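Visitor: Could you take a close look at one position in this protein, together with its setting in the chain and in space?

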Amino acid sequence: MQKFIAVFYTTSILCLGACHSSKEKQSVAINNTEENLKTTDEAPSFFPVTDFFLGQLKETEGLPVTPLKITITGNRQDSLWLKKEDIRVFTSPFLSPVIDSTFTQNYFVEKSFMDQTINAVTFSYDPKNKLPDSIKLNHWDVYIDPQKNTVQRIYLVKDENIDGKNITTQLTWKVNKWCSIRTIIQQAGKDPLIKEVIMKWDFE
């Protein structure tokens with residue numbers, strides 16, 4: 001467990017550093033990682049999910065490509081090209097609430113395991129106790145490639161009830177490739193309505 005956590009902390013900072021171009025920033029990040037590892041017993045640290053998303057956004061917005069938005073509803077699929085200013089609008093559900101060490105430590109518990117089926121070290125987060133009504137996020141996973149020591153994917157789940165409808169939002173971020181927002185609306189006596197919207201910026 002400690003070995004996995006050490007790999008996880010190092011990976012998170014290295015990935016954040018990779019979102020910046022300067023080696024100086026990477027060096028500072030690595031030094032900060034070492035300092036965090038020394039003080040783990042006093043102040044536990046967790047993967048800064050929101051900071052990672054912001055780093056990915058900055059990198060994506062600087063790419064010489066136009067992201068493609070794909071909407072899937074039932075058997076129907078529509079596509080359109082996004083403007084640069086639309087990228088943050090699309091990804092806003094990923095940025096709230098802010099997932100940092102304080103938020104995680106206050107409300108969630110971390111578990112880790114090696115998933116052989118997908119060849120990834122998985123860090124999962126679930127509520128310690130009943131969450132305040134203001135917090136819709138109730139679970140997330142961070143998947144680490146154990147060979148490359150890089151983040152592969154981040155998956156989040158939000159739940160809320162509006163006018164008798166249970167709305168589940170599944171957010172998936174495939175690092176450096178695409179992100180998706182899948183919404184499932186369930187109402188008593190009716191079939192669930194499922195809609196998925198994908199933003200893709202890597203076309204290789």
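Guide: What follows begins with the whole protein and then turns to Pro93. The model is predicted, so local features are reported only at pLDDT of at least 70 and side-chain atom pairs only at pLDDT 80 or more, whereas totals for chains, interfaces and linings use all residues. Residues are numbered from 1 along each chain as its sequence is written, and side-chain values rest on heavy atoms, with hydrogens and water left out.

The protein contains five helices and nine strands (DSSP runs numbered from the N terminus: H or I of at least four residues for helices, E of at least two for strands). Their order from the N terminus is α-α-α-β-β-α-α-β-β-β-β-β-β-β. Of the 204 residues, 39% are buried (under 20% relative accessible area, with exposed meaning over 50% and partly exposed in between, for a 1.4 Å probe and protein chains only).

Pro93 lies in the loop that links helix H4 (87-91) to helix H5 (101-107). Its relative accessibility is 27%, and Pro93 is therefore classed as partly exposed. Once neighbours within four places in sequence are set aside, the contacts of Pro93 are Lys158, Leu171 and Ile181 (a contact being heavy atoms within 4.5 Å). For Ile181, the separation from Pro93 is 88 residues in sequence, while their C-alpha atoms are 8.4 Å apart. As for the protein overall, among contacts between residues at least 6 apart in sequence, 47% join residues at least 24 apart.
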